[in-house]
Amino acid sequence: MDTTRLRVFREVTRQGSFTAAADVLHISQPAVSQHVAKLEQELGCRLLERSSRRVRPTSAGEVFLRHVESLLAGLDDARRELAALTRSDCGQLRLTVFPSAVATFVPSAVGAFRAAFPKVRTSLTEADPPIALARLLAGDTDLAVVYDYPLVGAPVDPRFDQTLIVADSMAVAVRADSAFAAHGSVPLAALSGQEWIAPGPSMCRDALNEACRRTGFGPNVVSETNDYQAMLGLVEAGVGVAVVPRLVGAIARSRSIALVPLAATRLERIVSVACRSGSALTPAMEFMRSMLCGALAGQHTEVREVEAPALSV
């Protein structure tokens, strides 16, 4: 059975469309249709229900898809194990990273990696942790830079090995001329009467809501964005306050913004690099992981340092 047909079938189920799958795979739509038709002929059953709106797997297609996911992930493991036993200066490395990591510490790690492994093809894809971890399981990426909030985090998933990069505590972003900017730290409760810029539905929003709930209030959200650059811009414009990871201080370039540490809260973001448990790591993967874990060493996150007492509630 041709593994190309398996990958085509999997992509059609992900995209829900022959045309969208063709775009992702960089092949023609008729070629996608031919691969699926041949696969159905080989198996002797219909795998997809076709309609004018969306393509969906049949019951047989859902069963087959589970095996396809497992088979392709196994093939990816085999590729890496063989690479680890043979040459380490060729092949590819696929990295999936959440957006604010791409904007801060990941580029230096990728640069160091490319200098050390110039013959290894590197690709970087941006995605939040739920999508990145799903790609790891499916064998579509080799390493993923992800985050979790212990305040709302799920139990440790044994399917992944995760290596800590940084425990990133949170800060409140306020205008530099705000009264909050004059204090060394701010308790979350002191912000209860403020208007907020907050992430949309996401793990970050869940963590903020839970931290506020434990403090005794619900944030009055007047604007939503998952883009920290946009969030800081809205703070600078006086729209409201925002709680952001202190690592984001590296992109808070405006002098009109102050990032003030939050006091007396467990609100922090744990950043790590993940791979599938039990999978073989090539020398290239090991090196990239070490570069990611060391990328923040000696860097200063631009949190506003002020010699002033903490604000009390």
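In the predicted model, a salt bridge is formed between Glu42 and Arg5, whose closest N and O atoms lie 2.8 Å apart. This pair ties together distant parts of the chain, since Glu42 belongs to helix α3 (residues 29-43) and Arg5 to helix α1 (residues 3-15), with their positions 37 residues apart in sequence. The two partners are not equally accessible: Glu42 has a relative accessibility of 37% and is classed as partly exposed, whereas Arg5, with a relative accessible area of 17%, is buried. The Glu42 and Arg5 pair was found in a structure that holds 15 salt bridges.

A second salt bridge involving helix α1 is that between Arg14 and Glu11, for which the closest N and O atoms are 3.9 Å apart. Here both residues lie in helix α1, three residues apart, a separation of about one turn of the helix. In general, an α-helix has 3.6 residues a turn, so residues three or four places apart point the same way. Arg14 is partly exposed, its relative accessible area being 34%, while Glu11 is buried at 9% relative accessibility.

A further salt bridge joins Asp142 to Arg94, the closest N and O atoms being separated by 3.0 Å. This pair, too, links distant parts of the chain, because Asp142 is placed in the loop between α7 (129-138) and β5 (143-148) and Arg94 in strand β3 (residues 92-97), 48 residues apart. With a relative accessible area of 1%, Asp142 is buried, and Arg94, at 15% relative accessibility, is also counted as buried. Elsewhere, salt bridges that share partners connect Arg10, Glu11, Arg14, Glu69 and Asp140 into one network.

Strand β3 also contains Thr96, a buried residue with a relative accessible area of 2%. When its neighbours within four places in sequence are left aside, Thr96 is in contact with Thr125, Ala127, Ala132, Arg135, Thr141, Leu143, Ala144 and Val145. The C-alpha atoms of Thr96 and Ile131 are 9.1 Å apart in space, although the two residues are separated by 35 residues in sequence.

Another threonine, Thr104, is located in the loop between α5 (99-102) and α6 (106-116). With a relative accessible area of 18%, Thr104 falls under the 20% limit and is therefore buried. A polar atom of the Thr104 side chain lies 2.7 Å from the backbone oxygen of Ser100.

Helix α10 (residues 283-294) comprises 12 residues and extends 17 Å from its first C-alpha to its last, a span close to the 16 Å expected at 1.5 Å a residue. Within α10, the residues Ala284, Met285, Met288, Arg289 and Leu292 are buried. These buried residues are placed on the same side of α10 because they cover an arc of only 135° around the axis.

Methods: Residues are numbered from 1 along each chain as its sequence is written. This is a predicted model: local features need pLDDT of at least 70, side-chain atom pairs count only at pLDDT 80 or more; totals for chains, interfaces and linings use all residues. Side-chain values use heavy atoms; hydrogens and water are left out. A salt bridge is a side-chain nitrogen of Lys or Arg within 4 Å of a carboxyl oxygen of Asp or Glu. Helices (H or I, at least four residues) and strands (E, at least two) are DSSP runs, numbered from the N terminus. Buried means under 20% relative accessible area, exposed over 50%, partly exposed in between (1.4 Å probe, protein chains only). A polar contact is a pair of N or O atoms within 3.5 Å; within protein, one must be able to donate a hydrogen and the other to accept it, and residues adjacent in sequence count only if both atoms are side-chain atoms. The expected span of a helix is 1.5 Å times one less than its number of residues. The arc is that of the directions from the helix axis to the C-beta atoms. Contact means heavy atoms within 4.5 Å.
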